Each structure stands twice: as structure tokens, then as C-alpha cells.
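The exercises below are meant to be worked with the sequence and the model open side by side. Each task is followed by a solution that proceeds step by step.

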Amino acid sequence: MPDLDILCFGETMAMFVAEESGDLARVEHFGKRIAGADSNVAIGLSRLGFKVAWLSRVGDDSLGRFVLDSLTREGLDCRHVQVDPAHPTGFQMKSRETDGSDPKVEYFRRGSAASHLSITDLVPGLLKARHLHATGIPPALSESCRALSRELMECMRSAGRTLSFDPNLRPSLWPSQARMIAEINDLAALAHWVLPGLEEGRLLTGYDSPADIAAFYLERGAEAVVIKLGPEGAYYRTAEAEGRINGVPVAQVVDTVGAGDAFAVGVVSALLEGRSLPQALKRGNALGSRAVQHIGDMEGLPHRHELPEESQPQNA
């Protein structure tokens, strides 16, 4: 896999989005899309011109074909996505809210094909990517997914690649909160760039302030910690510096899902281009604000020519 920039992995689900507001039980019309935090980031990075490989599993069913077709159209290298004849493609249903509140999401993913991802799905060529982006969702899906997450992160770190990690907590998928905290923090310690939300950081570390949360991960091996503060922007800290970048005001919030993934796209893409942390956070804030103005988890992710002028790469 020559010139592979980024490896992402996890579960992409089919998503049925309500076309009218109200209780999902009463909604009659839905639009079909795809959803998944890990693939949202993969798509966002691909739209910005990076060569991105996607590692996952889908069922041998119509939803699996829909997911694969959608990801391939977005430019992801899906050659190593396994089609599983024994387990179905997961899906979700999402409400439409008109007041800017978080939509209600119902998941149908237990026992899905992606939850059966394991170390046996790892193709050595994928480890030639120069960067790995990981989240806390795959390790929450199953023991085999957890083993794959650790193997990928350990192999890439040992090979001298860069790693970013977004905790992206899903408490309902874990057997206990204590297990979630221990496992997520162990994986975060393998990453160079750790990107928790403020409330996630408080839960995972037991500290309240962004500075103390960041120090927790810096002491465990991270080179930089970026903490999402929602509309207020984001905070960063390294061993040498810290700072805060204000958020981008939004006149009307349409759909909050995917904002954190868009932020990760902005930060990771900018850092891979050699930009500074303040510049990376500025891009992350811009992409996050754009995301909440679009219906859908990844529809608001920009292509390279759509980046704000101040966020263009230095060699553009």
C-alpha cells in the first residue's frame, strides 16, 4: 500500500434519519445514510486529500453493500473490509430535532459483523500508513475488537508512526464504568495526540480543569492533549505550552451529531500537515461549527477547496 497516509478502523452502520420531527415511533419517512464516528473521521480526512485505508467488517446483506458503496464513493481504500456471511450489518435510527437539541438515536448493532473484528483481520500492509486514528468505540464493541485496537496501536507506535486517539465514550457498550475508564486510559497512553471532550476527560481522569486533565495524559506518554469545550472552543497543552482557541459562533444548530468527529478531522489533518497546535485547533473549531449546521453525521465535512481561507495548508 504505497503512500498510505492514514489508517482508520471501526464500525460503519447504516442510518435511517427521520425526515420529520417527533417520536420515532410515529415517524413514517426516513432517509438512508451511513454513520460511525471512526468512518466519519476517515471520510473527512479523505475529502481533504489524504489517502485513507478503512479496516472493518460488514454483513453480506443489502445494508453492508450500501455501507461499502458509500465509503468507496468517499475515496476510502476498502480493499480489506471483510464481508461477513454469518453476522449482519449494524444500523441505527435517528430523530430529527428542530430546536438544536441532541437527536435521539436508537442502535441495532449488538452482534453485528463489525463487532467480530479481530486481530486476524489485520493485514500487515495497513501498518505502512504514516498515521493511525483510533477511538474508544471499537474496544467497546467486543473483546476481539479491543484486542485489535491494542494491537494496532502498539504496532504503529513501535514502528514510529503517529497516533491520535479520541475516547468517544459509549458507556452503554461497556460491562462497567470502571472497566471503561481503565481500558480507555490504557489505550490513550499509546497515543501521541489525545482528544477528549471536557466531560469525557473529567470522567476518565477524575480531574475537573482542562489543564489537570491534560496533565494526566501527558504524564502517561501523550505529546499533546486537545480538549473539546463545545461552543466555547478548545484547549491544548503540551510539555512546553498551553492555550485556548475560541469557538466559531453558529447562528442555528441543525444537528449536533458528528461535531466532535469534524473537530478531530480538523486537528489531525492540520497536525499531519505540520501546522501548529493553535492552527490545528482553529481548523478543528471551524469544521465542528460547520458540522452542526448540516443534517447527518458527516454531510458537513468539507472538501479541500471548501476549507476557510485561514485554514488552508501552508503549501496550498
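**Exercise 1. The largest pocket**

How much space lies in the largest pocket? Establish also which residues and elements line this pocket.

*Solution.* Bear in mind from the outset that the model is predicted.

Step 1. The space in the largest pocket comes to about 1300 Å³.

Step 2. The lining consists of 46 residues, and those closest to the centre of the pocket are Thr256, Val257, Gly258, Ala259 and Gly260.

Step 3. Turning to secondary structure, at least two lining residues come from each of α1 (37-47), β8, α6 (198-205), β13 (233-237), α8 (259-272) and α9 (277-291).

Step 4. Sorted by class, the lining holds 20 nonpolar, 15 polar and 11 charged residues.

**Exercise 2. The second largest pocket**

Find which residues line the second largest pocket, and state how they divide by class.

*Solution.* Step 1. The second largest pocket holds about 320 Å³ of space.

Step 2. Its lining is made up of Tyr107, Arg109, Arg110, Gly111, Ser115, Ala140, Leu141, Ser142, Arg170, Ser172 and Leu173.

Step 3. These lining residues divide into four nonpolar, four polar and three charged.

**Exercise 3. Strand β7 and the cavity**

Describe the pairing of β7 with β2 and with β8, and then determine what β7 gives to the lining of the largest cavity.

*Solution.* Step 1. Strand β7 (residues 91-96) pairs with strand β2 (residues 13-21) in the parallel sense, over five bridges; within this pairing, arginine 96 of β7 is the bridge partner of serine 21.

Step 2. β7 also pairs with strand β8 (residues 105-108), here in the antiparallel sense and over four bridges, and lysine 94 stands opposite valine 105 of β8.

Step 3. The structure holds one cavity of 30 Å³ or more, and the volume of the largest cavity is about 60 Å³.

Step 4. The residues lining the largest cavity are Val17, Lys94, Ser95, Arg96, Glu97, Ser101, Pro103, Val254, Asp255 and Ile295. With three residues, β7 gives the most to this lining, which by class divides into four nonpolar, two polar and four charged residues.

**Exercise 4. Glutamate 97 in the cavity lining**

Is glutamate 97 buried or exposed, and which residues does its side chain meet?

*Solution.* Step 1. Glutamate 97, one of the residues lining the largest cavity, has its place in the loop between β7 and β8.

Step 2. The relative accessible area of glutamate 97 is 18%; because buried means under 20%, glutamate 97 counts as buried.

Step 3. A polar contact of 2.6 Å joins the side chain of glutamate 97 to the side chain of serine 95.

Step 4. Leaving out residues up to four places away in sequence, glutamate 97 touches Asp102, Pro103, Lys104 and Val254.

**Exercise 5. The open sheet**

Give the order of the strands in the open sheet of eight strands, and examine the pairing of β1 with β9.

*Solution.* Step 1. The order of the strands is β4-β1-β9-β10-β11-β12-β13-β14, and the pairing is mixed. The edge strands, each of which pairs on one side only, are β4 (52-55) and β14 (242-246).

Step 2. Strand β1 (residues 6-9) pairs with strand β9 (residues 131-135) in the parallel sense over three bridges, and cysteine 8 has histidine 133 of β9 as its bridge partner.

**Exercise 6. Two residues in helices**

Describe the surroundings of asparagine 285 and of isoleucine 213.

*Solution.* Step 1. Asparagine 285 lies in helix α9 and is buried, its relative accessible area being 8%.

Step 2. A polar atom of the asparagine 285 side chain lies 3.3 Å from the backbone oxygen of isoleucine 245. Not counting residues up to four places away in sequence, asparagine 285 touches Gly233, Ala234, Ile245, Asn246, Gly247, Val248 and Phe263.

Step 3. Isoleucine 213 is found in helix α7 (residues 210-218) and counts as buried, at 0% relative accessibility.

Step 4. Apart from its neighbours within four places in sequence, isoleucine 213 is in contact with Leu198, Gly201, Arg202, Thr205, Tyr207, Asp208 and Ile227. The C-alpha atoms of isoleucine 213 and valine 225 are 8.6 Å apart in space, while the two residues are 12 residues apart in sequence.

Methods: Residues numbered from 1 in each chain as written. Predicted model: local features only at pLDDT ≥ 70, side-chain atom pairs only at ≥ 80, totals over all residues. Heavy atoms only, no water. Pairing = 2+ DSSP bridges. 1 Å grid on protein atoms, 1.4 Å probe; cavity = no way out; pocket = protein on both sides within 12 Å on 5 of 7 lines; lining within 4 Å. Points joined across faces, edges and corners; volume = space filled by probe spheres on them. Nonpolar A, V, L, I, M, F, W, Y, C, P; charged D, E, K, R; others polar. Buried < 20%, exposed > 50% of the residue type's maximum accessible area, 1.4 Å probe, protein only. Polar contact = N/O pair within 3.5 Å; in protein donor to acceptor, adjacent residues only side chain to side chain. Contact = heavy atoms within 4.5 Å.
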